[in-house]
Amino acid sequence: MNEASARHVVLIRALETTERADSPWSAADAAWATRAASEVVGEGADADRFLARRGQLAIEKLGDRDKAFRRLATGRHWRPWVGSALVALSFALGILMDAVGPTRYVNLLAFPLLGLIAWNLLVYVGILVHGLSDPFRSATPKKGVLWRAVARLGGALHEGAGDAGQGTPGTRFRAEWARVSAPLTARRVGRVLHLAAMAFALGAIAALYTRGLVLHFQAGWESTFLDAGQVHQALSLLLGPASSLTGLPIPDAEHLATLRFPDNPGENAAPWIHLFATTLALAVVLPRAVLALISGFAARHLEQHFPLPLTDSYFQNLQRSYTGQGAHLHLVPYSYDLSPATALQLKEAIISAFGPRATLQLSPPIAFGEEDALPTSAQPDKGTTLALALFSLTATPEDENHGSFLSTLAGKLPQGTPLAALVDEGSFVARFAGQPERRDERCRVWTRLFEKHGVASAFVNLEAAPSSLADALTHLVDLSSRKEASR
């Protein structure tokens, strides 16, 4: 699925998941779009093709009714001119940079370009560390100010849009699109920043030679702590690659001693300017060009293969409606007896959340202390959409029992089956109706247990209306699927 098709899909999703009386898109429209897309792509098409065609058909129908949504669907999310403008501005700033210093005497140990080279080398180290540590991070780190500024100028960052699940469909679309397009935005912003750094260095080199054509510069060095031998070692390390490439030799310590300010006037700076310019090209221009190419290729790939979160409940429901399959949830109570009325309420909630074909398999409750050996009936089947561990908030969570049960159940799951926890708070809240702080404290204890075992959780009243239970179940599917996908 390409970027344009993904934009259509996310926009229709915002319409279908935001309840508004004045919505231009109805449940009948959604059913029509699913049926029409199924007929067009035919049986056996993959999920991407089906969702893309459904989004396209829906946008075509919606565009005749609401011009605002047509603009959202066809608008360009990223403004390419912003990148070009920033690169041109960086080149101009590089030209304006005083690349040799405020006087016509060039201090080889305080050459302004040294700071530019050092900064870029530090950036490369940061990129390397980020790449090596990325698999071990559970969340994407917050981007820097410059990154966010470029993203905002490019139109790819919407701050202040609010929660993706609240507000108008348009607000929800913008927030959700900013989230799902973050990987593509990162590649685009990275490409712009690399090109800008390269352009700045090229501008500095251009300014260096332009000034050298009309002004005469003398090169030398001065230092309180270094002698000529140490300066020779430092310059050989810094300018050695440029010296090998250009054939310009780095003077020995004896010659460098004659260039020490202020006792000596120095020498013509032309060879040193060539060496520093070549070093700048090797340390900044070429690496930044390579990094810009990598980011550009990655962005192009993501534009043609846009990564949508197809594991969440919305997309899973659409795919099941296309294939004719239903969601299958497996519930395993732990030290909890589920009444027939509560079980019926839960089944109604599942049908409300996942459609009429959804099914619920109830396992016999696991007794306290018997968590290490799960019977066959408590082990989910291979096609299970979500495995649920059910607890009661009246129980005090203990890792050696409740935690052990979660670990054992997780070990019995078919590969790729997500696990979540459902905690019934109905009895506890009724018992301590006037003490809400007790409910909050008990929830925090349970939450710490679930976080330790990496399990998504929800606290619900199983005797509440099926619609509220359905929302909680949908949210659990999304959370647990993301956790499973991140492993």
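Guide: Welcome! Two strands count as paired if DSSP finds at least two bridges between them. The model here is predicted: local features need pLDDT of at least 70, side-chain atom pairs count only at pLDDT 80 or more, and totals for chains, interfaces and linings use all residues. Residues are numbered from 1 along each chain as its sequence is written, and side-chain values use heavy atoms, with hydrogens and water left out.

Visitor: What is the mean pLDDT of the protein chain?

Guide: Think of pLDDT as the predictor's confidence in each residue, from 0 to 100. The protein chain has a mean of 84, and 89% of its residues reach 70 or more. Over residues 160-165 the value is below 50, and this stretch has seven contacts in the model beyond near neighbours in sequence (contact means heavy atoms within 4.5 Å). Where pLDDT is low, the predicted coordinates should not be read in detail.

Visitor: Which elements have the lowest and the highest mean pLDDT?

Guide: Helices (H or I, at least four residues) and strands (E, at least two) are DSSP runs, numbered from the N terminus. Among these elements, helix α7 (residues 145-153) has the lowest mean, 66, while helix α12 (residues 270-304) has the highest, 95.

Visitor: In what order do the three strands of the open sheet lie?

Guide: Follow the pairing from strand to strand. The order is β1-β2-β3, with mixed pairing. At the edges are β1 (105-107) and β3 (267-268), each paired on one side only. Strand β2 (residues 218-220) runs antiparallel to β3, joined by two bridges, and Ala219 stands opposite Glu267 there.

Visitor: Which strands pair with β7?

Guide: Strand β6 (residues 386-392) pairs with β7 in the parallel sense over six bridges. One bridge partner of β6 in β7 is Ala420, opposite Leu388; another is Asp424, the partner of Ser392. To get from β6 to β7, the chain passes through helix α15 (residues 399-411) in a right-handed β-α-β crossover. That hand is read with the strands pointing away from the viewer: the path from the first strand over the helix to the second runs clockwise. β7 is also parallel to strand β8 (residues 456-460), with five bridges, and Ala421 has Ser457 as its bridge partner in β8.

Visitor: Which strand pairs with β6 over five bridges?

Guide: Strand β4 (residues 328-333) does, in the parallel sense. Leu329 of β4 has Leu386 as its bridge partner in β6.

Visitor: How many residues of β7 are buried?

Guide: Buried means under 20% relative accessible area, exposed means over 50%, and partly exposed lies in between (1.4 Å probe, protein chains only). In β7 (residues 419-424), six of its six residues are buried. Leu419, Ala421 and Val423 point one way, and Ala420, Leu422 and Asp424 the other. For β6 the count is seven of seven, with Leu386, Leu388, Leu390 and Ser392 on one side and Ala387, Ala389 and Phe391 on the other.

Visitor: Why does Leu473 count as buried?

Guide: Leu473 counts as buried because its relative accessibility is 2%. Its place is in helix α18 (residues 466-486). Leaving aside neighbours within four places in sequence, Leu473 contacts residues including Leu329, Ile350, Leu388 and Leu422. Leu473 and Ile350 are 123 residues apart in sequence, yet 7.4 Å apart in space, C-alpha to C-alpha.
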